[in-house]
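Here is a report on a predicted two-chain model. Please read it alongside the structure.

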Amino acid sequence: MKNGSFVQVRLPSELGFEKVAMSTAASMAALMGFSVDRIDDLKTAVAEACINAIEHGNQLNSSLTVGVVLSTTDDQLEVKVIDDGSGVGASSAASPNIDRKILGEEDPRGLGMFLIQSLVDEAEWHQGPPGKSFVRLVIRLDKENQ
Amino acid sequence: MQATTKVTQRAATADSGSAVTILSFSGDISSASKETILAAYHGLDGSVSKVLLDFTGVEYINSSGIAIFIQVLLESSKSGSRTIAIFGLSPHFQKVFTMVGINKYAALYSDESAAKSGL
């Protein structure tokens, strides 16, 4: 695959369509030579980013779409997931506290950002006006054997 | 657009000789699965003390799906008399469940044979 390849997908703001982005990201990562393990990590991270965009960014509004932009360099695959919300201000996600969740002291949900951050090499959340808020995910080929 | 989850229930026996109920899931597990999964769990007889959750047939699970199983473990923990274990997860989702900490409350086994041996 050529350096600088670029793919864009637009998803309806409906849960389930995150799987389209997952498949696209997995196909690009496979073309670049990523291992199955890294591709599985990327698929989960991309799915969670899209779910957040559909549910929280676009509030399940069927008139809005989620943009997924995948671009490559020699050694990395970058995925941007763009929505019409105001974005997430956090620079990092808190680790879930399973004990508090089991005790009912913390919502069982709220795992998405943690999983994203844990499964890719870079994860950044950017706030912006409608259509400009995004999360940027990167996986790098040089991390393959680490 | 979310795919459906199917749940089947069967009885089995652990290597220790104790009775086990296996709940097998197939399809996708997402927020849309909550009613189906909790209904299956709530439908278990109160005398069931060992439950195996079988993910062998699961094709996709996301964080909302994982949260449903945290809810199941929360209920099991409250009852205080039921052991839950998990088998059939892919290596990737064994890693994810461990990252979240679920293995602290439900042992993760690679397959049914290992789970029956471990219970």
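The sections below take chain A, chain B, their interface, one helix and one residue in turn.

## Chain A: fold and dimensions

This is a predicted model, and the values below are computed from it. Chain A holds 4 helices and 5 strands. Along the sequence they follow the pattern β-α-α-β-β-α-α-β-β.

The radius of gyration of chain A is 15 Å. A compact globule of 146 residues would come near 15 Å, so chain A agrees with that expectation. Along the principal axes, the C-alpha trace of chain A spans about 50 × 40 × 25 Å.

## Chain A: burial, contacts and charge

Of the 146 residues in chain A, 49% are buried. Take the contacts between residues at least 6 apart in sequence: 66% of them join residues at least 24 apart.

The exposed area of chain A is about 6,800 Å², and carbon and sulfur atoms supply 48% of it. Chain A carries 13 positive and 21 negative charges. The mean positions of these two sets lie 4 Å apart.

## Chain B: fold and dimensions

Chain B comes to 4 helices and 5 strands. From the N terminus on, its elements run β-β-α-β-α-β-α-β-α.

For 119 residues, a compact globule would have a radius of gyration near 14 Å. Chain B has 13 Å, which agrees. The C-alpha atoms of chain B fill a box of roughly 40 × 30 × 25 Å along the principal axes.

## Chain B: burial, contacts and charge

Buried residues account for 50% of the 119 residues in chain B. Among contacts in chain B with a separation of 6 or more, 65% are between residues 24 or more positions apart.

Chain B has an accessible surface of about 5,200 Å², with 49% belonging to carbon and sulfur atoms. It has 9 positive and 9 negative charges, and their mean positions are 7 Å apart.

## The A–B interface

The size of an interface is often given as the accessible area lost when the parts come together. Here chain A and chain B bury about 2,200 Å² between them. Carbon and sulfur atoms hold 66% of that buried area. Which residues of chain A lose the most area to chain B? They are A:I98, A:I102 and A:L111, together 27% of what that side buries.

In terms of contacts, 27 residues of chain A meet 24 residues of chain B.

## Helix α4 of chain A

Helix α4 of chain A covers residues 112–119. Its buried residues are A:G112, A:F114, A:L115, A:I116 and A:L119.

What covers these buried residues? Both chains contribute. From chain A, the cover includes α2 (36–57), β4 (122–126) and β5 (133–140). From chain B, it includes α2 (63–79) and α3 (91–100).

## Residue B:I68

B:I68 is found in helix α2 of chain B. Is B:I68 buried or exposed? It is buried, because its relative accessible area is 4%, and buried means under 20%.

Leaving aside residues up to four places away in sequence, B:I68 touches B:S30, B:S33, B:K34, B:I37 and B:L38. One of these, B:S33, is 35 residues from B:I68 along the chain. The C-alpha atoms of B:I68 and B:S33 are separated by 8.1 Å.

Conventions
Residues numbered from 1 in each chain as written. Chains lettered and ligands numbered in written order. Predicted model: local features only at pLDDT ≥ 70, side-chain atom pairs only at ≥ 80, totals over all residues. Heavy atoms only, no water. Helix = DSSP H or I, 4+ residues; strand = E, 2+ residues; numbered from the N terminus. Rg over C-alpha atoms; globule rule 2.2 N^0.38 Å. Buried < 20%, exposed > 50% of the residue type's maximum accessible area, 1.4 Å probe, protein only. Contact = heavy atoms within 4.5 Å. Areas by Shrake-Rupley, 256 points an atom, 1.4 Å probe, with all protein chains shown as cover. Lys, Arg positive; Asp, Glu negative; His and termini not counted. Charge placed at Lys NZ, Arg CZ, Asp CG, Glu CD. Buried area = accessible area lost by both parts, 1.4 Å probe.
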